[in-house]
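Trainee: Could you take me through one part of this model in detail? I would like to look at the surroundings of one ligand and the residues beside it.

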Amino acid sequence: MAVFEVNHPLVKHKLGLIRQHDISTKDFRELASEIARLLTYEATKDLETEPETITGWNGPVKVERIKGKKITVVPILRAGLGMMDGVLDLIPSARVSVVGLYRNEETLEPVAYYEKFTSNINDRTALILDPMLATGGSLVACINMLKKAGCTSIRGLFLVAVPEGIERVQKEHPDVDIYVASIDEKLNENGYILPGLGDAGDKIFGTK
Ligand code: PRP
Ligand code: URA
C-alpha cells in the first residue's frame, strides 16, 4: 500500500483556510470540494491511456483515451458527500456507489447502515471519499464491504488523516492506496484528529 500526501501549494493553502475555527458552512463546503478536485488529479495520475484516431478540424488526429477499469466514486455518508462534487467535476461520467457508516461516539466503532453499489463493481476502480481518516475503522469497514461485493481495485481520498489510522488500514488492506491532503499529528482522547478540522460532517451539513 502506498500513502501519498499531496503537498501541492494550492492544497496547503486551501487546508490553511479550511482549518479556520469559525469557517462558514458555505466556505467549508467549497474548500472541501476544491481540495477533493486536487486529490482526484493526483489519484488518477497513473491511469493508463491508449491511442485513438479521431477526426479533428483538419482531418485525422491521434489522441489519447483512458483505458482499463472505469471508476466508481464511493462517498462514505455523510461527510464523504462533501467531496463528491469536486471529484465528479473531473470524472463526470463516474458511477456513484454509496456506503452509509457512522462512528459510535463511545466505542468509536463504525456502524454500517446503508450500501448501494453500482453494477459490475468488480470491473471498476473504487475511489472512496471521506474527509477524515481517524482510527481507520470506517475505512476498513468500507473496504470490507467493497471487497465482499467483488471490487479488487480500491483507492481512498481524504482531506486529513492520522498515522495510527493509516497504519491500521495498511495492516488490514495493504493493497489499498491512500491520497491525503495532510497527515496530521494524532487523535485526541475522543478520537478526533489534531489539529484536524473538527467534526467534518457537522461542518459540511451545518448541523450542531
Ligand atoms: C466521520 C468521518 C469518517 C469517520 C472517521 O464520520 O467522516 O467516516 O468519522 O473516523 P474513523 O476513522 O475513526 O472511523 P462520522 O462517524 O462522524 O459520521 P458522519 O459522516 O455521518 O458525520
Ligand atoms: N470524524 C470527524 O469528523 N473528525 C475527526 O476529527 C475524526 C472523525
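Mentor: In this predicted model, Asp 199 sits in the loop between β13 (193–194) and α6 (200–205). Is Asp 199 buried or exposed, or something in between? Asp 199 counts as partly exposed, because it has 15 C-beta neighbours inside 10 Å, and a residue needs 20 or more to be buried and 12 or fewer to be exposed.

Ala 200 belongs to helix α6. Ala 200 has 25 C-beta neighbours inside 10 Å and therefore counts as buried. Leaving aside neighbours within four places in sequence, Ala 200 is in contact with Ala 79, Pro 131 and Met 132.

Now to the ligand. Asp 199 and Ala 200 are among the residues around ligand 2. The others around ligand 2 are Met 132, Ala 134, Tyr 192, Ile 193, Gly 196 and Gly 201. Met 132 therefore appears twice: as a contact of Ala 200 and as a residue around ligand 2. By type, the shell around ligand 2 divides into five nonpolar residues, two polar and one charged; the charged one is Asp 199.

The UniProt record, an unreviewed entry, has a "binding site" annotation that covers Ile 193, Gly 198, Asp 199 and Ala 200.

Helix α6 also takes part in packing with another helix. In helix α3 (residues 81–90), the buried residues are Leu 81, Gly 82, Met 83, Gly 86 and Val 87. These pack against α6, and also against α2 (25–43), β4 (70–77), β8 (124–129) and β10 (153–161).

Methods
Residues numbered from 1 in each chain as written. Chains lettered and ligands numbered in written order. Predicted model: local features only at pLDDT ≥ 70, side-chain atom pairs only at ≥ 80, totals over all residues. Near = placed C-beta within 6 Å. UniProt positions renumbered as here; feature names shortened; annotations may be inferred. Helix = DSSP H or I, 4+ residues; strand = E, 2+ residues; numbered from the N terminus. Contact = placed C-beta atoms within 7 Å.
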